[in-house]
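Open the model in your viewer and keep the selection tool at hand. The tour below goes stop by stop.

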Amino acid sequence: MNVTSYFNIDGQPRTKKNGMIRTKRGIIQSKAYREYEKSALWQLQVQKKKMNFKYAYDMGVKVTVLYYLQNRRSFPDLLGLLQATADILEKAGIVENDSFIAEFGESRIAGIDAVWPRAEITIERISDTMHPCYTTNPKLYKRAIAGEYDEWSDRK
């Protein structure tokens with residue numbers, strides 16, 4: 001398992017919540033988001049294969065995302081972008097559970113790039129077992145108590 005991994009999602013970053021559509025079966029995400037998610041999942045699978053990335057992060061992680069938007073129209077909110085990215089990382093099998101994302105680091109809307117809109121993603125393993133994610137998240141706590149993270153524990 002890599003301590004740090006880097007991924008890019010090309011295309012105008014989208015949020016899940018904006019433009020939701022009401023159907024007979026319920027509410028679904030907008031067509032623009034569904035297309036973005038489909039493209040993102042494909043791109044991430046290609047990158048995982050090139051990196052020989054075989055296992056999802058199954059521990060606390062810090063994710064930092066720099067978003068470069070195509071333009072200022074329909075300016076998204078950062079929280080919505082982060083939620084969508086977290087869901088995509090889980091669906092792509094990069095993070096086992098998006099609740100394992102304990103920090104969003106220096107994530108931000110970093111600029112406008114009309115030629116290459118994208119999301120640049122850095123994922124860092126949190127190896128300090130004293131980090132609150134290992135005592136507050138029930139799944140991580142259970143694994144920590146079982147000794148699954150002892151190999152890089154700071155405690156003796």
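Along strand β1 (residues 4-10), which side chains are buried and which are not? Note before starting that this is a predicted model.

Select residues 4-10 and show the side chains. S5, F7 and I9 point to one face of β1 and are buried. T4, Y6, N8 and D10 point to the other face and are not buried. This fits a general pattern: in a regular strand the side chains alternate between the two faces of the sheet.

Keep β1 on screen and add residues 118-125, which form strand β7. The two strands run antiparallel, and seven bridges join them. To find one facing pair, pick T4 in β1 and look across to E124 in β7.

Next, select residues 31-51, helix α1, together with residues 78-91, helix α2. Their axes come within 10 Å and cross at roughly 45°. Angles from 35 to 65 degrees count as oblique, and α1 and α2 are therefore oblique to each other. The crossing is right-handed. On the α1 side, colour Y33, Y36, E37, A40, L41 and L44; on the α2 side, colour A84, I88, L89 and K91. These residues make the contact. Eight of them are nonpolar, none is polar and two are charged.

Last, go to D98, in the loop between α2 and β5 (101-103). Is D98 buried or exposed? Neither: its relative accessible area is 24%, so D98 counts as partly exposed. Leaving aside neighbours within four places in sequence, D98 is in contact with A86, D87 and E90. Then draw a distance from D98 to T85: they are 13 residues apart in sequence, and their C-alpha atoms are 9.4 Å apart in space.

Technical notes: Residues are numbered from 1 along each chain as its sequence is written. This is a predicted model: local features need pLDDT of at least 70, side-chain atom pairs count only at pLDDT 80 or more; totals for chains, interfaces and linings use all residues. Side-chain values use heavy atoms; hydrogens and water are left out. Buried means under 20% relative accessible area, exposed over 50%, partly exposed in between (1.4 Å probe, protein chains only). Helices (H or I, at least four residues) and strands (E, at least two) are DSSP runs, numbered from the N terminus. Two strands pair if DSSP finds at least two bridges between them. Axes are lines fitted to C-alpha atoms, for helices over the stretch in contact, and angles run from 0 to 180 degrees between N-to-C directions. Angles under 35 degrees count as roughly parallel, over 145 as roughly antiparallel, 65 to 115 as roughly perpendicular and the rest as oblique. A crossing is left-handed if the near helix is turned anticlockwise from the far one by less than a right angle, and right-handed if clockwise. Contact means heavy atoms within 4.5 Å. Ala, Val, Leu, Ile, Met, Phe, Trp, Tyr, Cys and Pro count as nonpolar, Asp, Glu, Lys and Arg as charged, and the others, Gly among them, as polar.
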